[in-house]
Amino acid sequence: MRVTKGAKIATGTALLALGVAACGGGGGGGGSSSGGGDNPRAATGTVFIRGCEPQTGFVPGNINETCGGTINDFVYSKLVKYNSDTAAPELDQAESIETTDNKVWTIKLKSGLKWTDGTPVTAKNYVDAWNYTAYSPNAQLGSSWFADIKGFDKVNTEDPDGPDGPKEAPKPETDKLSGLEVVDDLTFKVTLNNPIAVFRTKLGYSTFSALPDAFFKDPKGFAQKPVTNGPFKFVQWDHNSQIIVEANPDFAGPEKPKVKKIVYKMYKDDNAAYADLVSNNLDFTELIPPSALAGDKWKTDLGDRAIDGQQGVIQTVTFPLYDKEFGGNADFRKAVSMAIDRQTITDKIFNKGRSPINGWVSPIVEGFKDGACGELCTYDPAKAKEYLAKAKAEGYTPPAEFPIWSNADGTHKEWIEATVNSINQAFGADAGVKFVHKDMPTFAELRDTITQHKIKGAFRTGWQMDYPHIENFLNPLYKTGASSNDGLYSNKALDAKLHEADTATDPAQSNALYQEAEAMLQQDMPAIPLWSYGLQAGTSKWVTGVKVTPFGELDPLSIAIKEA
């Protein structure tokens, strides 16, 4: 999940961030639900927002999911930040990021930056963090993000027989990227293997964060309670319950937090979170459950506390291509795609709050081109049966029961059940395979099973843009060995096309090459595109000024407590 680019960033109404002035109730750890009287948030300066259990903790290079990523963005500042209205990249901890050839980059930090333990933020903190993340024995989920830096092949080696084989990856030659050089306390130099025009924009992604000296003394302990450098500092993590952060008094940014504390509350059921929102026990959620979307009930419930807009998030279903039984073959995956009635599902389940997509890229990002999936993302039961028959003729026998997995602590049950029903009806009773919905208790458990490559069945996947550019929806997800390539898809021709797009110096030519790469995904259908998300969020009556960014997240510097 998450980042931006050095190429032109799409702006305008498509990248909508809304400001909301709210009014009304509380309770359940969040304050009184009675009307009138003083604002219960004012006494403590604390607001409560919906959250979920992070998968790995708070080491930035080991986060690639939204539950940890959201809090990560609250507590870590990076070289670059993304404008909360337009998503355009802007300098943050960097004073300057300069290059003459898009290959050698000189990065100078602002002076006076501090970690929450009082130590200064230095160029060495960035170089040490990037080396640690890139070094394959450290097994960081974000390691592949550093593949463009010179010397990556010397610090990161591949497992020769995959994650389930008996062999281990050979030890790298070194643990230092040759393309990183500390010039002085505030300056470092980055040398890439090839010119990458979008490199500057990527530097706002969480993986490119710095790490303080304290991290290297106790990496495991740090993951549970990190020392950070952002607008909020970490206080505590009560697993599967809440995460608490509070305003960082030493934060050097031009805009300061308007609240003293944020409690990131975790719910086993998003319907319960929504009920807390309606009763003003929760101050913000970016997820309105399908039960409230029906008939625009949420707008009636919330009134002027409702937030409506767009965000750069898409939904997909991914197959474990490393598993012969559940990976299927290309024609089977195409059959499944054509058996899904996207329009009916988005109309009925999401009340048109999501829109069917015909490709693997969000419609609101630069480089988007409609139709990349061709007819394969069109509902056609007859052709779905033809592809299923072809898959079987090619030697693939699907299992009698084929799960699509999700997490029970999210609002996925309704749409996945509608999806499996659509597939089963299209395939027919004599198909020899029945799709079913199965779930795991938590998002963290689902992600652990996926990243350990132990899942038995297809699984729901979503991608929240790291930056609004077509590249962000392709390289991290479908390039061989990429950090979020959950199905372990590998296609050398696609890799070559992506590399060609990466290194093109003209932005228009680069975008055209990325579009060609996206269209190549039709060949294998490693993941099935479903729909893009609209933005449906809401606030309590106790808060004001709330902005939701084009990334579909709360801007933590926007939220304020209303005066009594």
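Q: Which residue is the bridge partner of S96 in β6?

A: Happy to start here, with the note that this is a predicted model. Strand β5 pairs with strand β6 (residues 104-109) in the antiparallel sense, over 5 bridges. Within that pairing, the partner of S96 in β6 is K108.

Q: Which strands stand at the edges of the open sheet with the order β5-β6-β8-β7?

A: The open sheet has 4 strands, with antiparallel pairing. Two of them have a single partner strand each, so one side of each is left without a neighbour in the sheet. From one strand to the next, the twist averages 20°. The edge strands are β5 (94-99) and β7 (180-184).

Q: What angle does the direction of helix α2 make with that of β7?

A: Let's add the helix to the picture. Helix α2 covers residues 123-134 and packs on the sheet, where it touches β6, β7 and β8 (187-191). Compared with the direction of β7, that of α2 makes an angle of about 170°.

Q: Are helices α10 and α12 roughly parallel or roughly antiparallel to each other?

A: Two packed helices are described by the angle between their axes and the distance between the axes. For α10 (residues 330-338) and α12 (residues 381-393), the axes are 8 Å apart and the angle is about 165°. Angles over 145 degrees count as roughly antiparallel. The two helices, α10 and α12, are therefore roughly antiparallel.

Q: How many nonpolar residues does the contact of α10 with α12 have?

A: The crossing of these two helices, α10 and α12, is left-handed. On the α10 side the contact is made by D331, F332, K334, A335 and M338, while α12 brings P381, K383, A384, Y387, L388, K390 and A391. By class, the contact has no polar and 4 charged residues, and its nonpolar residues number 8.

Q: Which residue in β17 stands opposite V317?

A: Strand β13 (residues 306-318) pairs with β17 in the antiparallel sense. The pairing of β13 and β17 runs over 6 bridges. Opposite V317, in β17, stands R460.

Q: What is the bridge partner of W405 in β17?

A: Another strand to look at is β15 (residues 401-407), which pairs with β17 in the parallel sense over 2 bridges. In β17, W405 has as its bridge partner F459.

Q: How many of the 7 residues of strand β17 are buried?

A: Strand β17 spans residues 458-464 and is mostly covered. Here, buried means under 20% relative accessible area. Of the 7 residues in β17, the number buried is 6.

Terms used
Residues are numbered from 1 along each chain as its sequence is written. This is a predicted model: local features need pLDDT of at least 70, side-chain atom pairs count only at pLDDT 80 or more; totals for chains, interfaces and linings use all residues. Side-chain values use heavy atoms; hydrogens and water are left out. Axes are lines fitted to C-alpha atoms, for helices over the stretch in contact, and angles run from 0 to 180 degrees between N-to-C directions. Angles under 35 degrees count as roughly parallel, over 145 as roughly antiparallel, 65 to 115 as roughly perpendicular and the rest as oblique. A crossing is left-handed if the near helix is turned anticlockwise from the far one by less than a right angle, and right-handed if clockwise. Contact means heavy atoms within 4.5 Å. Ala, Val, Leu, Ile, Met, Phe, Trp, Tyr, Cys and Pro count as nonpolar, Asp, Glu, Lys and Arg as charged, and the others, Gly among them, as polar. Buried means under 20% relative accessible area, exposed over 50%, partly exposed in between (1.4 Å probe, protein chains only). Two strands pair if DSSP finds at least two bridges between them.
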